[in-house]
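Please take the sequence and the structure together, and follow one place after another as the explanation moves through them.

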Amino acid sequence: MKRRSLLKGLSLAGLVGIYKPSTLLARTEINNDTASINGSRDRAYWVSLMDKIASPVLDNMSKGLLRKNMDMRVSPIWDNRDIGVGYLEALGRLAVGMGPWLALEEVNANEKVIQSRLKKQLQDSIAKGVDPKSADYLSWDKGSQPLVDAAFLAQAFVKAPKVLWEPLSDGTKQQLIHEFKQLRRIKPYESNWLLFAAMIESFLLEIGENVEEKRIDYAIEKIVTWYKGDGWYSDGAVFSFDYYNSYVIQPMLVDILRVNVKQGRRTRDEFDRAYKRMQRYAEFLERMISPEGTYPIFGRSATYRTAIFQPLVQLALEDALPDWITPAQVRSAITAVKKRVFIQESFTKDGWLTLGIIGDRQSGLADSYSNTGSMYLTSLSFLPLGLPETHPFWSAPFQEWTMLKAWKGEPFRKDYHVDF
């Protein structure tokens, strides 16, 4: 299993920058004339779909109209928490999936138009979200849920600081820092929630703020004790078979460790181990994609749709897929999934995501904490848009994925457990 010398030979100060799209482009330059028509069409489809998903949220919020216009729906078993938390959910969850693409400079003219619009709208939306005078000032102090989605927003700042953090005004930055710090009032549950507190503190560490180090270190050390083997962590003391390794645990642990190793607080060995485990887990995700582009649905938060593939696509973004999984293999498989999931019934008539997986008839799948804003975690599957169109992820021809090969009767790779 490869990992492209993610830390080897680098000073601690250089760790966060090693996956910048410009670096990836330099390593993988390809003549545009050789780009696969399939890859080109796939990228255009991904960009169009990202635009379709994000625009209702960002167009409204950038104008201070999100609370007024969003079709905010809640689970049939809604737990009666403040509905206002859903707006922060929509913003934070969109930002983390879009960040790498918005930071990419090497895009064609048509794509640039969409990218520039959404980038400006996201920046303006963030500003509106922390402005107490704005109609879309977010519910930072309502219950404990804001800890979750502030963490996704902090993760977005870590992934794409040059387009999401640095351009913000000093006033907006200070207000965000204030909102993040006041979330220390929330004691996270003994679950993946520990990583939300750690992610926020790690972002504050990255920008030179004073941090509560215990919220970082306790999370890292606790999650490590919950490792069950073969690439799977338990979400708390008792293992449950769901996709929280995808939604939060694996990628957020890696991003937290990346920051803390850079800052000299944690060791490279810890990062290496967490990364190898995420690579192993991603192998399972690739094998879960059926020949028809479906995947097994189990566990809570199933309505987050394609967010389950976050570890796999993050590895693609970082040029760190296991040796036997090619970038084009991932693109082909995830594109097939997106075309099964994002059909007309996945959106309301006004373009908002519905609460089910394939439409409102499945809204009963939504958990007691799920609302329309929650659904935008699906943006996490769009991380490879942060790769230029000349990268093999986009330029290489269609390639069959494991289950497509298996059920066509073709040779495919055997699977074995790992012991790290």
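**A walk through the model**

S301 is buried, because its relative accessible area is 0%, and buried here means under 20%. The model in which we find this residue is a predicted one, and within it S301 belongs to the loop between α12 (268–287) and α13 (310–317). Its backbone also deserves attention, since S301 has a positive phi of about 60° although it is not a glycine.

The loop between α12 and α13 also holds R305, whose phi is near 55°, again a positive value in a residue other than glycine. With a relative accessibility of 0%, R305 therefore counts as buried.

From this loop we can turn to a helix, α10, which runs over residues 213–225. How far apart should the ends of its 13 residues lie? At 1.5 Å a residue they should span 18 Å, and because the end C-alpha atoms of α10 are 19 Å apart, the expectation and the model agree. Several residues of α10 are buried, namely R215, I216, D217, A219, I220 and I223, and what covers them includes the helices α6 (146–159), α9 (193–206), α11 (244–262) and α12, together with the strands β1 (227–229) and β2 (232–233).

Next comes a pair of helices. Two packed helices are described by the angle between their axes and by the distance between those axes. For α4 (residues 85–103) and α5 (residues 109–130), the axes come within 11 Å and cross at roughly 140°. The two helices are therefore oblique to each other, as an angle counts as roughly antiparallel if it is over 145 degrees, and the crossing of α4 and α5 is left-handed. On the side of α4 the contact is made by L91, A95, M98, W101 and L102, while α5 contributes E111, I114, Q115, L118, K119, L122, S125 and I126. Sorted by character, the residues of this contact divide into 9 nonpolar, 2 polar and 2 charged.

The last stop is V418, which is placed in the segment after α16 (402–406). Is V418 buried or exposed? Its relative accessibility is 17%, so V418 counts as buried. Leaving aside its neighbours within four places in sequence, V418 is in contact with D230 and R280. If you follow the chain between V418 and K408, which are 10 residues apart along it, you will find that their C-alpha atoms are separated by 27 Å.

Key:
Residues are numbered from 1 along each chain as its sequence is written. This is a predicted model: local features need pLDDT of at least 70, side-chain atom pairs count only at pLDDT 80 or more; totals for chains, interfaces and linings use all residues. Side-chain values use heavy atoms; hydrogens and water are left out. Axes are lines fitted to C-alpha atoms, for helices over the stretch in contact, and angles run from 0 to 180 degrees between N-to-C directions. Helices (H or I, at least four residues) and strands (E, at least two) are DSSP runs, numbered from the N terminus. Angles under 35 degrees count as roughly parallel, over 145 as roughly antiparallel, 65 to 115 as roughly perpendicular and the rest as oblique. A crossing is left-handed if the near helix is turned anticlockwise from the far one by less than a right angle, and right-handed if clockwise. Contact means heavy atoms within 4.5 Å. Ala, Val, Leu, Ile, Met, Phe, Trp, Tyr, Cys and Pro count as nonpolar, Asp, Glu, Lys and Arg as charged, and the others, Gly among them, as polar. Buried means under 20% relative accessible area, exposed over 50%, partly exposed in between (1.4 Å probe, protein chains only). The expected span of a helix is 1.5 Å times one less than its number of residues.
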